[in-house]
Amino acid sequence: MRLLKLATCNLNQWAMDFDCNLKHIKESIVLAKEAGAVIRLGPELEITGYGCEDHFLELDTVTHAWECLKEILLSDLTDGILCSIGMPVIKGSERYNCQVFCFNRKIVMIRPKMFLANDGNYRELRWFTTWKQKDQLEEFLLPPEISEALSQKSVPFGYGYIQFLDTAVAAEICEELFTPIPPHTELALNGVEVFLNASGSHHQLRKLDIRLRAFIGATHTRGGVYMYSNHQGCDGGRLYYDGCCCVVVNGEVVAQGSQFSLKDVEVVVAQADLDAVASLRGSISSFQEQASCKTRVSSVAVPYKICQSFDLKILLSSPQKIMYHSPEEEIAFGPGCWLWDYLRRSGASGFLLPLSGGADSSSVAAIVGCMCQLVVKEIANGDEKVKADAIRIGNYTDGQFPTDSKEFAKRIFYTVYMGSENSSEATKMRAKVLAEEIGSWHLDVCIDGVVSSLLSLFQTLTGKRPRYKVDGGSNIENLGLQNIQARIRMVLAFMLASLLPWVHNKKGFYLVLGSSNVDEALRGYLTKYDCSAADINPIGSISKQDLRIFLRWAANHLGYSSLAEIEAAPPTAELEPIRSNYTQLDEVDMGMTYEELSVYGRLRKISRCGPVTMFKNLCYKWGARLTPSEVAEKVKHFFKYYSINRHKMTVLTPSYHAESYSPEDNRFDLRQFLYNARWPFQFRKIDELVEKLDGDRVAFKESGDLKNGDGMGVVAAASSDPKSGL
């Protein structure tokens, strides 16, 4: 037997904080060595942090990375252990995203990334170049100060693997795994048994299974040990890197780290038998045949053995059940951990949330409550770093620290109900009860006086006073009156966030939390610079449907039972007067349901549908209950208001990224914000299709092929369930 002990890790790095990142790297190597590991894998670009973005264009960033690596190599950290460390490297005039292999205080090889992530949230081609010379390794001259310190002039650079005396090891960096022909296929045929995947992968709801299936598939039919390392936490932007470092052997997960955690460093260790890899490969005839005529990949020889022989004192890692979180848990823990990182790193003393008693703001409150529970739990588990941060943020003295989540929430979380004459007693009471359950410092403010003062000022200036629609006013007046209330709430929220800490003799400031969801952003169903305008928003990329599921879950699992009643209430902005014959409802205002919005969002972004293609898809999807004309009207209505309101995305509050159809304009969904909202060419094409489909429908009916209740006949047959997936 060839027994190999491996260590991979989740690191909570912070872009451009080299001291913080170096500390975590060192700690992970120490923990790996203490566990007896001989290979340590860290995340992609771990020295700099993954999210440096245009800072990668600065020579300082690369220079500082080398300085940190030098500090690691001049110590005994790499003695007896192969460390794969991620950093940017400049070769000639090109900048590469690299894994640097270090062993026994020397750099063994530098492996540049060959396929860069360049879609969605990723823009790697903006900062890095792909490595294209696959046929051979090249000589890389180390920077003079590094060369002098290490007494090493050059190092092999390029695509290849490291050949030890008893096994072969190679890197496959993040995106490379997901390419049509990933490097591990060729490397496996060349005898590589251990694959090291350093990644910078962010959380997205229901995404983890895709990632794990890729690791499993990489070694299931060709054998091998697949190691995966990832960042974990908020490194300075909208993304939460969701860890889940793991080790897979011959298609089975034998070690898995946490997906969501407040820890800065988590090391996962596994013991693998490489003879099991050789045995599996030897049993697959097709593998043997392809290996016999493989394309040769260059290698670097390292004359050391890193495996151990058979020893009963050494326990092999066994296959284990993969740990998945439900979407409700992902909504609680992902944004909760992201908020904690943002809070402790921003210098703020807490959060302030305008709490309306509705589903969205209540979801944000519940997530903050979950964060407080996670902090108290981690302190109870002995995490001194979390404890120190909590003591500082909560302003504890005399050796005290958080032991109760409600008490901790009271110190760091303000909630404010900003009621008006249009608000109901029901939402006021729901906000109050939820605040008590979470433990926040709750305020109840009436904004009618401020609204009245502004309207009086307007009347003085213009001689006119606007009225609500239910009182005989126009749509323009009605909208203007709603916007005044919404914007006053934003101004009041920021004023309270900056001054309430002073009122209560606390240090610092509070971060204002937003609470608009992804569907409302997509439709533009929000007032520009209202309470959706905040410092950060933990639910801005989560759908209304997922939030409602989360509320039901949180009512039971977080102990906030009032959330069940909040979830059951129909969504309303409460910006118009309540009358016996009229109550404002979100879905009526929007002219579409939240369920329909999710469908439009996924077709627009994920399926890349313009108006015409969306119409065609929805004819199949909704054909059993809607005519082509009705489908056309819905599509036109959506695109009209989507395009009219697209400008609001340019000032959308920075939001936790959780959903693949987010319309967030700054990083993820790059489109114009001034549209011809009539879409004349596209809508004309839809009208032509409707006319043709209606003609076909009449022809079918006259021929007797279209039975009563069959909807669109042949078209509808593709999907008779209006709720079915795409």
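Let me begin with a word we will need: a residue is called buried when its relative accessible area is under 20%. Please keep in mind throughout that what we have in front of us is a predicted model.

With that cut-off in hand, let us look at tyrosine 414, whose relative accessible area is 1%, and which therefore counts as buried. Tyrosine 510 comes out at 3%, so that residue is buried as well. A pair of aromatic rings is described by the distance of the centres and the angle of the planes. By the rule applied here there are 31 aromatic pairs in the model, and one of them is formed by tyrosine 414 and tyrosine 510, with 4.7 Å from centre to centre and 40° between the planes, which makes the pair a tilted one. Where along the chain do these two tyrosines sit? Tyrosine 414 belongs to strand 18, residues 413-419, while tyrosine 510 belongs to strand 20, residues 510-512, so that the pair links distant parts of the chain, 96 residues apart.

Rings also gather in a cluster, in which ring pairs link Tyr600, Trp622, Phe638, Phe639, Tyr642, Tyr675 and Trp679. Charged side chains meet rings too: arginine 523 lies over the face of tyrosine 641, at 4.2 Å from the ring centre, and lysine 605 lies over the face of phenylalanine 668, at 4.5 Å from the ring centre.

Now to the nonpolar cores. In soluble globular proteins, nonpolar side chains tend to be buried together. The largest nonpolar core in this model has 63 residues, and those with the most contacts inside it are Ile47, Trp66, Leu69, Ile107 and Ile110. Helix 2, residues 59-73, gives the largest share of this core, namely seven residues. If we set aside its neighbours within four places in sequence, isoleucine 47 touches several residues, including Phe18, Ile25, Ala65, Leu69 and Met87. Another core lies apart from this one, with 59 residues, among them Leu339, Phe351, Ala359 and Ile566.

Finally, let us step back to the domains. The protein is divided into domain 1 (3-324), domain 2 (328-579) and domain 3 (591-697). The centres of domain 1 and domain 3, taken over C-alpha atoms, are separated by 41 Å, and their contact takes 11 residues from domain 1 and 12 residues from domain 3. Between them these two domains bury about 1100 Å², of which 43% is on carbon and sulfur atoms. Which three residues supply more than any others of the area that domain 1 buries against domain 3? They are Asn121, Gln204 and Arg238, which supply 53% of that area.

Conventions: Residues numbered from 1 in each chain as written. Predicted model: local features only at pLDDT ≥ 70, side-chain atom pairs only at ≥ 80, totals over all residues. Heavy atoms only, no water. Phe/Tyr/Trp six-rings, centres within 6.5 Å; stacked < 30°, edge-to-face > 60°. Helix = DSSP H or I, 4+ residues; strand = E, 2+ residues; numbered from the N terminus. Buried < 20%, exposed > 50% of the residue type's maximum accessible area, 1.4 Å probe, protein only. Lys NZ or Arg CZ within 6 Å of the ring centre and 35° of its normal. Core = buried A, V, L, I, M, F, W, Y, C linked by side-chain atoms within 4.5 Å. Contact = heavy atoms within 4.5 Å. Domains from an automatic or database assignment. Buried area = accessible area lost by both parts, 1.4 Å probe.
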